Structure formats: C-alpha cells, structure tokens
Amino acid sequence: MDPPRNPPRILVDADACPVKEEIYRVAFRRAVAVRVVSNAHLRVPAHPLIERVVVSDAFDAADDWIAEAAGPGDVVVTADILLAERCLSAGAAVIGPTGKPFTANMIGGAIATRSIMADLRVGGDIIGGPAPFRPADRSRFLQALDEALVRVGRG
C-alpha cells in the first residue's frame, strides 16, 4: 500500500514574480494551497489557501526556504534556474512565470547557458536581458500551471 500523499501546493518565488494574481485565481479554482515566499512583506489575498512567508533579506534566503520545503506533489513557480534545479532534485514540478516548464532533461543546459551569460557580463559584453513579459506569456503560464497541478495530483 502506498503511503498517503500530501495534497498539491504551489510554492512561489515571489519577489519578482509577474504572475501572482494568476496563481491566486488557479489556487482558488482548484482549492490548492499557496505559499508566497519573499524577502519583503508583499500583499496577498486574505484567504485560508494563501500563506505569506517572509524570510530574512540574506542572500538566497527565499530560495533556501523554497528548496527546503519543496517536494513531490509541489509546484514551484520561479524564474531562477538554480532554484529550479534544487526543487527538481527534491521531486517538485517547476515552471517559470512565462509558462516554460523546467525539466530534469533541460536543466543542465539552462545552467550552462546561465554561466556563459554571466561570464560574458563580467567580461563587459553587452548582451541584453530577458525578453519583455507579454500577454501570451501570461496565457501560457496559466495553461502550464493547470497542467503541472494535474501531473502532481496524479503522483
């Protein structure tokens, strides 16, 4: 007999997350708990499904909290590739705010690209930043979050 599973929950790397409102809507519709993790006090809906977690302003404090809390049955929302790797290793599903899922198959390449870009920036190369957030990203995120919750719900 399998051990009882914890219900799915969403862990949000919230300091720069552009899709918090979308997360709340999905959480309310699906009755899924959300932990909104940040270094600063953010406004969250007053609702029993939503919990605000304010961590210290130490470097990576929010990432550390999320990585330690994440596990099978959780969906983590973050744009941070290194945090995504830690959460995938813990068995969580991970999606970015643009709806792009992080997977075990692609995380190594994403980390390598991140490292190359950091080296270029240190070397003074002008390489630009991420693409601007678009309405299509918001729509893609909603679909990816629904799909991730279905996947983790099945176990």
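Begin by selecting the loop between helix 1 (20–30) and strand 2 (33–38), where Ala31 lies; the model on your screen is a predicted one. Ala31 has a positive phi of about 55°, although this residue is not a glycine. Most residues other than glycine have a negative phi. If you switch on the surface here, you will find Ala31 exposed, with a relative accessible area of 58%.

Select next the loop between strand 3 (50–54) and helix 2 (61–69), which holds Asp60. Asp60 is again a residue other than glycine with a positive phi, in this case near 65°. Is Asp60 buried, partly exposed or exposed? With a relative accessibility of 32%, Asp60 counts as partly exposed.

Now show the strands as a group, and follow the open sheet of 6 strands in the order 3-2-1-4-5-6, keeping in mind that the pairing is mixed. At the edges you will meet strand 3 and strand 6 (101–102), each of which pairs on one side only. Starting from the strand 3 edge, you can see that strand 2 and strand 3 run parallel and pair over 5 bridges, and within this pairing Val36 has Arg52 of strand 3 as its bridge partner. With helix 2 added to the view, this helix lies across strand 1 (9–13), strand 2, strand 3 and strand 4 (74–77), and runs at about 160° to strand 1.

Move on to strand 4, and look first at its two neighbours in the sheet. Strand 1 and strand 4 run parallel and are joined by 4 bridges, with Leu11 standing opposite Val76 of strand 4. Strand 4 also pairs with strand 5 (residues 93–95), in the parallel sense and over 3 bridges, and here the bridge partner of Val75 is Ala93 in strand 5.

In a regular strand the side chains alternate between the two faces of the sheet. In strand 4 both faces are covered, since Asp74 and Val76 on one side and Val75 and Val77 on the other are all buried.

Stay in strand 4 and select Asp74 by itself. Asp74 counts as buried, at 4% relative accessibility, a value to set against the cut-off of under 20% for that word. Which side chain makes a polar contact with the side chain of Asp74? The partner is Arg9, at 2.7 Å. Leaving aside residues up to four places away in sequence, Asp74 touches Arg9, Leu11, Ala69, Ala92, Ala93 and Val152, so you may wish to display these side chains together.

From strand 4, follow the chain through helix 3 to strand 5, because these three elements make a right-handed β-α-β unit. Just at the start of the helix, select Asp80, which caps the N-terminal end of helix 3 with a side-chain oxygen 2.9 Å from the backbone nitrogen of Leu82.

Within helix 3 (residues 81–89), colour Ile81, Leu83, Ala84 and Cys87, which are buried. Turn the view until you look down the axis of helix 3, where its buried residues fall within an arc of 155°, so they line one face of the helix. An α-helix has 3.6 residues a turn, so residues three or four places apart point the same way.

For the last stop, go to Gly91, which follows helix 3 and has a positive phi, near 100°.

Note on methods. Residues numbered from 1 in each chain as written. Predicted model: local features only at pLDDT ≥ 70, side-chain atom pairs only at ≥ 80, totals over all residues. Heavy atoms only, no water. Buried < 20%, exposed > 50% of the residue type's maximum accessible area, 1.4 Å probe, protein only. Arc of directions from axis to C-beta. Polar contact = N/O pair within 3.5 Å; in protein donor to acceptor, adjacent residues only side chain to side chain. Pairing = 2+ DSSP bridges. Contact = heavy atoms within 4.5 Å. Axes fitted to C-alpha atoms, helices over the stretch in contact; angles between N-to-C directions. Right-handed = clockwise from strand over helix to strand, strands pointing away.
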